[in-house]
Amino acid sequence: MSYSTIDLADVTRKLAAAAPAADASGAFPWLGIEAVHAAGLLESAVATRFGGKGAGIADVGRILAALGRGDPSVALISAMTIFTHLGQAAGSKWPEPLYRRLLDDARDRPILLNAARVEPDLGSPARGGLPDTLARRTADGWSISGRKRFVTGALGLTHFLVWARTDETPQRVGTFVVPSELPGITVIENWKSLGMRASGSHDVEFKDVEVPLEDVLDLVDVSVGTQDNRAHAAASVALTAIYLGAAEAAQEAFIRFGHERIPANLGVPIARTERFISAAGEIDLLVGGARQILFNALDHSLDEPAALIRARLLAARNIRDAVQLAVRTLGNPGLNGDLGIERHFRDIQSVLVHAPQEDTSVSILGRAACDRWSPKAEEPLHPFSGEKAHPAPPAPRQAGDTRELLNAISGRRA
């Protein structure tokens with residue numbers, strides 16, 4: 001499955017044209033979402049068995065990079081729906097009649113889904129813990145009550161996927177599918193972030209919201225209901241592609257300004273000066289490097305959580321540094337909203353706030369490294385693969401073949 005570069009470029013242009021106004025107002029970015037919907041991108045990851053195109057995670061990453069280049073807020077809202085379809089393609093967790101109804105509705109309007117997991121007291125579930133949000137059994141189904149934070153796209157979602165614990169004994173946790181038009185739902189418009197303003201990641205309060213008994217995903221015992229950050233590593237890499245797109249937009253604006261700006265005392269565009277050329281090279285190294293890191297990981301390392309976590313962190317840091325350098329190099333023009341780099345700079349500050357956050361990710365890698373190089377007598381198991389961290393090299397096929405011996409020791413194929 002693939003979407004042509006021309007198709008994605010057209011959507012990117014539409015998003016970019018609407019992005020400044022959406023950023024300024026903070027209103028839900030309907031123009032951008034309609035463009036994504038019209039291009040069929042919201043359902044890009046729907047499995048072929050459901051009549052979809054079956055985009056994989058690498059395809060999704062490239063789609064999100066293109067959307068992020070136009071408007072990262074629209075890209076983030078879209079990503080939440082796309083990831084939901086990607087999860088269903090992999091695991092069939094949705095009740096099939098409900099899922100097929102959603103797909104039927106998506107032919108006529110944008111069907112927007114997002115998980116509501118973070119809570120005021122709990123914080124991000126990536127750090128462990130159980131939700132305060134309660135699902136009470138009723139005669140006909142479940143009654144959901146609780147408050148969620150940072151629900152991206154809250155004002156435009158058609159369905160909230162609410163993580164809650166039940167009032168049963170023994171208790172269970174699960175994700176309840178809550179249509180947004182039901183009574184008892186209040187969006188508390190308190191999103192006042194530095195960047196990603198049009199993402200509308202407001203709080204949402206649920207008070208005795210009734211949903212059918214079968215409209216729940218992953219209802220499991222509380223002992224196995226915690227978030228597995230390693231399992232989400234690939235999605236985190238694809239999500240980072242949104243900010244790669246924003247960094248590429250900032251890079252383009254930076255270069256364009258360099259060609260257009262001709263100071264009277266210089267008489268030529270500043271793009272011809274060594275200072276600008278050097279900065280442009282550093283920015284290209286960082287942004288181009290981030291693209292290589294992200295898509296190499298998505299194309300080749302999906303079964304290596306540690307590699308995915310490293311790729312996400314390295315690329316995100318590159319992205320953040322690149323746009324900061326562009327702003328610093330241009331001075332006042334870089335900070336002026338007219339050029340657009342200022343907006344990209346603000347948006348990109350969110351690149352590492354998504355779960356698992358930077359410190360959590362670094363800790364995962366640190367624990368793995370400490371276990372891997374532990375001076376225990378018994379060789380430790382690799383924390384991700386479950387295999388020996390340093391497996392013995394295979395014996396060479398011919399003991400007298402020096403090349404075979406070196407290849408065996410180094411782990412290379414002959």
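D10 is partly exposed, with 31% relative accessible area. In this predicted model, the residue takes part in a salt bridge with K14. The closest N and O atoms of D10 and K14 are 3.4 Å apart. Both residues belong to helix α1. They sit four residues apart, about one turn of the helix. K14 is also partly exposed, because its relative accessibility of 47% falls between the 20% and 50% cut-offs.

The D10–K14 pair is one of 18 salt bridges in the structure. Side chains of opposite charge can pair when their charged atoms come close. A second pair joins R346 and D23, with an N to O distance of 2.8 Å. This pair links distant parts of the chain. R346 lies in helix α10 and D23 in helix α1, 323 residues apart. R346 has a relative accessible area of 5%, so it counts as buried. D23 is buried as well, because its relative accessible area of 10% is under 20%.

A third pair brings together the side chains of E358 and R317, at 2.9 Å from N to O. Here too the pair links distant parts of the chain. E358 is in helix α11, whereas R317 is in helix α8, and 41 residues separate them. R317 has a relative accessible area of 35%, so it counts as partly exposed. Some salt bridges share partners. R69, E248, E252 and R291 are joined in this way into one network.

Internal space was examined next. Rolling a probe the size of a water molecule over the atoms shows where empty space is left. The structure holds two cavities of 30 Å³ or more. The largest has about 60 Å³ of space. Ten residues line this cavity. Those closest to its centre are S236, I309, R312, P356 and S361. Helices α6 (233–260) and α8 (305–330) each supply at least two residues of the lining. The largest share, four residues, comes from α8. By class, the lining of the largest cavity has five nonpolar residues, four polar residues and one charged residue.

P356, one of the residues closest to the centre of the largest cavity, also follows a cis peptide bond. The bond from A355 to P356 is cis, with omega near -5 degrees. P356 is found in the loop between α10 and α11 (358–372).

The second largest cavity has a volume of about 40 Å³. Its lining consists of A19, D23, D71, S73, M196, R197, A198, R343 and D347. Two elements, α1 (5–25) and α10 (341–348), give two or more residues to this lining. By class, the lining of the second largest cavity has three nonpolar, one polar and five charged residues. Domain 1 (8–110) and domain 2 (116–221) each contribute at least three residues to the lining. D23 thus appears in two settings. It lines the second largest cavity, and its side chain meets that of R346 in a salt bridge. Helices α1 and α10, the elements that hold D23 and R346, also both contribute to the lining of this cavity.

Backbone geometry was then considered. A cis peptide bond also runs from T169 to P170, with omega near 0 degrees. P170 lies in the loop between β4 (159–166) and β5 (172–179).

Positive phi values occur at F150 and D208, neither of which is a glycine. F150 has a phi of about 55 degrees. The residue lies in strand β3, which spans residues 141–151. F150 has 42% relative accessibility, so it counts as partly exposed. D208 has a phi of about 50 degrees. Its place is in strand β7, residues 202–212. D208 counts as partly exposed, because its relative accessibility is 41%.

Technical notes:
Residues numbered from 1 in each chain as written. Predicted model: local features only at pLDDT ≥ 70, side-chain atom pairs only at ≥ 80, totals over all residues. Heavy atoms only, no water. 1 Å grid on protein atoms, 1.4 Å probe; cavity = no way out; pocket = protein on both sides within 12 Å on 5 of 7 lines; lining within 4 Å. Points joined across faces, edges and corners; volume = space filled by probe spheres on them. Nonpolar A, V, L, I, M, F, W, Y, C, P; charged D, E, K, R; others polar. Domains from an automatic or database assignment. Buried < 20%, exposed > 50% of the residue type's maximum accessible area, 1.4 Å probe, protein only. Salt bridge = Lys/Arg side-chain N within 4 Å of Asp/Glu carboxyl O.
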